[in-house]
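Me: I've got a model open and want to talk through its strands, cores and cysteines. Can you take my questions one by one?

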Amino acid sequence: MSVEIHALVGPYALDALDDVERAAFERHLRECEPCRLEADDLRETAARLADGAWSVPPPGLRDNVLAAIGNTRQVSAPAARSARPVRRMWVAAAAAVVVAAGAAGAGAWTIQDQRVRRAEATAAQEARVRTILTAPDVVLREETLDSGGRVTVASSRLQDAGVIMLSADGAPAAGRVYQTWTIRAGTPSSAGALGEGQSTAVQVINGLPDANQVGVTVEAAPGATTPSAPLDALVELT
């Protein structure tokens, strides 16, 4: 048997061989007791390391393992006494692969978790909007935008909240954004600025029934601390 066939013991233990390589190595195992013992030992170690990390190996696992093998000097296993040093090398390799797989799994889980959280937040806001719009005391007011479009404000004292719905005919010029404001006793407070290129928005504003007015301006991105004059629209709430 060649030195190369002995070097496949690690990838075999990590299930990183293709069907042809696996068949050839399994024929070799029937003739090579040191490799057989080494493969059993490595498989047990890899299973302990990978416990809970992956239910299905990641698609790039085989390529990653074989790439690492290509950069690592391989040794043969001519006798049982040489098995321990080889085992230590492959335990380290197995650990590195499992750690990398775990990190990739954690990254994938984090991305999925973020998507779920965004979906949950969107669903919660939609439910809140429906609650306000269907409140028995809801009051709707609307004004046109000087730039084209309209802004609608729904306010409910029972919900102690309101909804600002902006629907412009188009987005402002490059570098400019729409921004909404609540105005109490003549003092404006930003309710939020849209992103560049955006022309529609639905905003839930807690405490809106206490405001006297809602204003809309066009500001330099990403938004202003005080509204620019003239306002694009002004909705009277009282």
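What follows is a set of short questions and replies on this structure.

Me: Before we start, what kind of model is this, and what pLDDT do local features need?

Reply: It's a predicted model, where side-chain atom pairs count only at pLDDT 80 or more, totals for chains, interfaces and linings use all residues, and local features need pLDDT of at least 70. Residues are numbered from 1 along each chain as its sequence is written, and side-chain values use heavy atoms, with hydrogens and water left out. So the pLDDT asked for is at least 70.

Me: Four strands form an open sheet with β1 in it; what is their order?

Reply: Strands here are DSSP runs of E, at least two residues long, numbered from the N terminus, and two of them pair if DSSP finds at least two bridges between them. β1 and β2 pair over six bridges in the antiparallel sense, with Leu140 bridged to Ala154 in β2. The pairing in this open sheet is antiparallel, and the order is β1-β2-β3-β6.

Me: Which are its edge strands?

Reply: An edge strand of this sheet pairs on one side only. On average, neighbouring strands are turned by 15° against each other, direction ignored (axes are lines fitted to C-alpha atoms, and angles run from 0 to 180 degrees between N-to-C directions). The edges are β1 (139-144) and β6.

Me: And the open sheet that contains β7: what order do its four strands take?

Reply: β4 (residues 176-184) and β5 run antiparallel and are joined by six bridges, with Ile183 opposite Pro188 in β5. β7 and β8 are also antiparallel, over four bridges, and Gln213 stands opposite Glu236 in β8. The twist averages 30° from one strand to the next. Put together, the order is β5-β4-β7-β8.

Me: Is Thr217 buried or exposed?

Reply: Thr217 sits in strand β7 (residues 213-220). Its relative accessible area is 1%, and the cut-offs are under 20% for buried, over 50% for exposed and partly exposed in between (1.4 Å probe, protein chains only). Because 1% is under 20%, Thr217 is buried.

Me: Which side chain does the side chain of Thr217 make a polar contact with?

Reply: A polar contact is a pair of N or O atoms within 3.5 Å; within protein, one must be able to donate a hydrogen and the other to accept it, and residues adjacent in sequence count only if both atoms are side-chain atoms. For Thr217, the pair is at 2.8 Å. The partner is the side chain of Glu219.

Me: How far apart are the C-alpha atoms of Leu231 and Thr217?

Reply: Leu231 lies in the loop between β7 and β8 and is partly exposed at 29% relative accessibility. Leaving aside neighbours within four places in sequence, Leu231 is in contact (heavy atoms within 4.5 Å) with Asp146, Gly215, Val216 and Thr217. Leu231 and Thr217 are 14 residues apart along the chain, and their C-alpha atoms are separated by 5.0 Å.

Me: Where does Gln179 lie, and what does its side chain make a polar contact with?

Reply: Gln179 is in strand β4 and buried, with a relative accessible area of 2%. Not counting residues up to four places away in sequence, Gln179 touches several residues, including Thr217, Glu219 and Ser190. The side-chain polar contact, at 2.8 Å, is with Ser190.

Me: Which element gives the largest share of the largest nonpolar core?

Reply: A nonpolar core is a set of buried Ala, Val, Leu, Ile, Met, Phe, Trp, Tyr and Cys residues joined through side-chain atoms within 4.5 Å. This one has 17 residues, with Leu145 and Val151 touching the most other members. Elements giving two or more residues are β2 (149-156), β3 (161-168), β6 (200-206), β7 and β8 (233-236). The largest share, three residues, comes from β3.

Me: How many disulfides are there?

Reply: A disulfide is a pair of cysteine sulfur atoms within 2.5 Å. Cys32 is in no disulfide, and its nearest cysteine sulfur, that of Cys35, is 3.5 Å away. Both are buried, Cys32 at 8% relative accessible area and Cys35 at 1%. The count comes to zero.
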